[in-house]
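This report describes a small set of computed features, going from the whole chain to single residues. Please look at the sequence and the structure before reading on.

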Amino acid sequence: MGLSTLLRIHRSAGHAGIGFHLDDVGPALRRLLELTGTYTYLTTPGQAGPTTESRHHLT
């Protein structure tokens with residue numbers, strides 16, 4: 001449930017043009033993000049703006 005919330009916040013922030021990323025991730029959260037393949041997605045700065053997928057829906 002927590003991971004789903006983080007992904008939803010990241011997506012909503014991107015749609016609003018706001019950058020969102022996690023800093024200083026602790027070992028337990030890092031392990032969860034690595035296991036789910038979302039570590040880089042949620043910890044890399046500068047991913048603001050709609051995703052490629054959402055841009056296709058706007059055209």
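Helices are DSSP runs of H or I with at least four residues, strands are runs of E with at least two, and both are numbered from the N terminus. Counted this way, the protein has four helices and zero strands. From the N terminus on, the order of its elements is α-α-α-α. The model is a predicted one.

**Confidence**

The mean pLDDT of the protein is 83, with 78% of its residues at 70 or more. Among the elements, H2 has the highest mean pLDDT, 96, and helix H4 (residues 52–58) has the lowest, 46. Over residues 52–59, pLDDT stays under 50, and the model has two contacts beyond four places in sequence for this stretch. Where pLDDT is low, the predicted coordinates should not be read in detail.

**Surface, burial and core**

The protein has 59 residues, and buried ones make up 20% of them. It exposes about 4300 Å², of which carbon and sulfur atoms supply 58%. Of the contacts with a separation of 6 or more, 55% are between residues 24 or more positions apart.

In soluble globular proteins, nonpolar side chains tend to be buried together. Here the largest nonpolar core consists of five residues: Leu3, Leu6, Leu22, Leu33 and Leu42. One of them, Leu6, touches Leu22 and Leu42, and also Phe20, when residues up to four places away in sequence are not counted.

**Two residues compared**

Thr43 and Leu29 each lie in a helix, and the table gives their relative accessibility.

| Residue | Helix | Relative accessibility | Class |
|---|---|---|---|
| Thr43 | H3 (residues 39–43) | 14% | buried |
| Leu29 | H2 (residues 27–36) | 30% | partly exposed |

Buried means under 20% relative accessible area, and exposed means over 50%. Thr43, at 14%, therefore counts as buried. Leu29, at 30%, falls between the two cut-offs, so it counts as partly exposed.

Which residues does Thr43 contact, leaving aside its neighbours within four places in sequence? They are His21, Leu22 and Val25. Leu22 also belongs to the largest nonpolar core. In addition, a polar atom of the Thr43 side chain lies 2.6 Å from the backbone oxygen of Tyr39.

Tyr39 can also be placed relative to Leu29: the two are 10 residues apart in sequence, and their C-alpha atoms are 9.0 Å apart in space.

Note on methods. Residues are numbered from 1 along each chain as its sequence is written. This is a predicted model: local features need pLDDT of at least 70, side-chain atom pairs count only at pLDDT 80 or more; totals for chains, interfaces and linings use all residues. Side-chain values use heavy atoms; hydrogens and water are left out. Buried means under 20% relative accessible area, exposed over 50%, partly exposed in between (1.4 Å probe, protein chains only). A nonpolar core is a set of buried Ala, Val, Leu, Ile, Met, Phe, Trp, Tyr and Cys residues joined through side-chain atoms within 4.5 Å. Contact means heavy atoms within 4.5 Å. Accessible areas come from the Shrake-Rupley method with a 1.4 Å probe; for residues, only the protein chains shown count as cover. pLDDT is the predictor's confidence in each residue, from 0 to 100. A polar contact is a pair of N or O atoms within 3.5 Å; within protein, one must be able to donate a hydrogen and the other to accept it, and residues adjacent in sequence count only if both atoms are side-chain atoms.
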